[in-house]
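Visitor: Please give me a close look at the contact between the two protein chains. Then carry on to whatever bears on it. Keep it brisk, and give cut-offs as you go.

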Protein chains: 2
Amino acid sequence: MPVNQKIKVAVDGVVFGYTSKDGLLILLIKRDVTPFKGDWALPGGLVLDEESLEDAIYRELKEETGVQINYLEQLYSFGKPGRDPRNRVVSITYYGLVKPDGLMLNAGTDAGDARWFNVKNMPELAFDHRDIVSVALKRLQSKIVYEPIGFELLDEKFPFSELEKLYMAVLDRPIDRRNFKKKVSKFGFLIETNEKQALETAGRPGNLFCFDQEKYFQLKKDGINFEI
Amino acid sequence: MPVNQKIKVAVDGVVFGYTSKDGLLILLIKRDVTPFKGDWALPGGLVLDEESLEDAIYRELKEETGVQINYLEQLYSFGKPGRDPRNRVVSITYYGLVKPDGLMLNAGTDAGDARWFNVKNMPELAFDHRDIVSVALKRLQSKIVYEPIGFELLDEKFPFSELEKLYMAVLDRPIDRRNFKKKVSKFGFLIETNEKQALETAGRPGNLFCFDQEKYFQLKKDGINFEI
DNA sequence: TCAAAAGTGTTCTTGATACACCCATGG
DNA sequence: CCATGGGTGTATCAAGAACACTTTTGA
């Protein structure tokens, strides 16, 4: 039994954001140390001896980017020898979702080099972070059709078209507006408010909706399952 | 940056088997060291400095149980401080499937204390292994309905009723034989042979079927998705 | 000849898909 | 009054669910 194991444990986070203007976004930081100095990478770092994995990823995200996470879930663990050229590092990765009002960076301490990139227009990434992003994107795509995590990427109140465009951006395919509305409405956790969208552009303003989390959890507990 | 991190990295495996006689089975080993000496636990152990996580779990399963794994997939990583009373251990867990002809234990070196238990009749487990099994079972249940991993729990040739009973055992609910057969047959990767089941009991013997892996991968590549 | 398990089709209901015109607003 | 984007309903088709009797074998 090797008690003198040399493996280190890290956490890394794939944080997604969304705006209809910029599409599906991912949060990266610019490395200021070797290896891969100057390259972009996922936020993350080593786990402290006494903190849980979740605490570690929240701490790293706060320190390095200052974003406010709405949803976080463990993704996968990467541990191939050689993925970090310095030491053997096993990284437990998470993916998170941020609402548009939390996209503002630099609220943290040393977030000077954090930036959002459109997922279709990412730079080269350090380590095996490209693989991690790829797994995260697939997970997001498959999860968003059977749990309403899409709402965690929108403001509290949003026009219906935002939800629709978000799904198109994440799933990367067209969606029929009428069928989509029928499906989503059927579940009953979408509340229509009396307010209307504030426009910056021409076009008819849409009604604002919000997500009824209470009702969703109730439905989920009763065993009703959401599927888009 | 803490370079003197004290966390250890382990792998643990939830290995499922199935026979129509005994139902859905899980592989446990009896601990012969403290802590939890004499209790049952999942097979697993610390990862060696130079081996991949997958190599580690295969090695541990072989050393501790000698089973022959047909399917293996990473499950989840558990890392709460205190889950192991001795040291901080982060465990990357896997779940695996074994065909009935690989159920034989003791082919390994020191597998004297490995045993199969029906999932509905497990003993108390060491550490947080009960939680791990619970996650694995949910994963198996959700995976078996959209990927044909069920075939990895049956012999090469099997009567159709075995497949049906397996699904009932895993999903823990009744299934209509005719509807199930229609669904499964529709995909076209189920081959009917001319052979008939050898009976130990009364009743009409069923035709034997086998799973066409080639065809399945072809269909999958073409983007056809299986769902029971 | 009885008990046990396998084999097989049809009907009905529900959900999925395809599709086009009118409405409210800003410029 | 025109351009832009939001809002809405129906008809067709496919898949899912419910359901019972006949056949083959061992005892």
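Guide: Start with a definition: a salt bridge is a side-chain nitrogen of Lys or Arg within 4 Å of a carboxyl oxygen of Asp or Glu. By that rule, the count between chain A and chain B is zero salt bridges.

Some ground rules come next. This is a predicted model, in which local features need pLDDT of at least 70, side-chain atom pairs count only at pLDDT 80 or more, and totals for chains, interfaces and linings use all residues. Residues are numbered from 1 along each chain as its sequence is written, chains are lettered from A and ligands numbered from 1 in the order in which they are written, and side-chain values use heavy atoms, leaving out hydrogens and water.

Now the chain contact itself. Chain A brings 26 residues to it, and chain B brings 26 residues. Contact here means heavy atoms within 4.5 Å. The size of an interface is often given as the accessible area lost when the parts come together. Buried area is that loss, taken with a 1.4 Å probe and summed over both parts. Between chain A and chain B, about 2300 Å² is buried, with carbon and sulfur atoms giving 53% of the area. Three residues stand out on chain A: Gln5(A), Asp49(A) and Gln74(A) supply 25% of the area that chain A buries against chain B, more than any other three residues.

Salt bridges are absent between these chains, but 13 residue pairs are in polar contact, both residues being at pLDDT 80 or more. A polar contact is a pair of N or O atoms within 3.5 Å; within protein, one must be able to donate a hydrogen and the other to accept it, and residues adjacent in sequence count only if both atoms are side-chain atoms.

Which elements build the side of chain A that touches chain B? Those giving two or more residues are β1 (8–19), β5 (71–78) and β6 (89–97) of chain A. β5(A) has the largest share, four residues. Helices (H or I, at least four residues) and strands (E, at least two) are DSSP runs, numbered from the N terminus. By class, this side of chain A has 13 nonpolar, six polar and seven charged residues. Ala, Val, Leu, Ile, Met, Phe, Trp, Tyr, Cys and Pro count as nonpolar, Asp, Glu, Lys and Arg as charged, and the others, Gly among them, as polar.

Next, look inside chain A. It is divided into domain 1 (8–143) and domain 2 (158–222), with bounds from an automatic or database domain assignment. Their centres, taken over C-alpha atoms, are 28 Å apart. Six residues of domain 1 are in contact with seven residues of domain 2. The buried area between these domains of chain A is about 630 Å², and carbon and sulfur atoms give 61% of it. Tyr18(A), Ser20(A) and Gln141(A) supply 66% of what domain 1 of chain A buries against domain 2 of chain A, more than any other three residues. One salt bridge is counted between the two domains. Lys120(A) forms a salt bridge with Asp172(A), with the closest N and O atoms 3.0 Å apart. Four residue pairs across this domain interface are in polar contact, both at pLDDT 80 or more.

Finally, the DNA. 19 residues surround strand C, the closest being Asn179(A), Ser161(B), Arg177(B), Lys182(B) and Asn207(B). A residue is near a strand if one of its heavy atoms lies within 4 Å of it. α4 (177–187) of chain A and α4 (177–187) of chain B each supply at least two residues of the surface near strand C. α4(B) gives the most, four residues. A polar side-chain atom of Lys182(B) lies 2.8 Å from a base oxygen of strand C, while a polar backbone atom of Asn207(B) is 2.9 Å from a phosphate oxygen of that strand. The surface near strand C has three nonpolar, seven polar and nine charged residues.

For strand D, 21 residues surround the DNA; the closest are Ser161(A), Arg177(A), Lys182(A), Gly203(A) and Arg204(A). An N or O atom in the side chain of Ser161(A) is 2.6 Å from a phosphate oxygen of strand D. A polar backbone atom of Asn207(A) is 2.8 Å from a phosphate oxygen of strand D. Here, too, α4 of chain A and α4 of chain B are the elements that give two or more residues to the nearby surface. That surface divides into four nonpolar, seven polar and ten charged residues.

Definitions and conventions. Buried area = accessible area lost by both parts, 1.4 Å probe.
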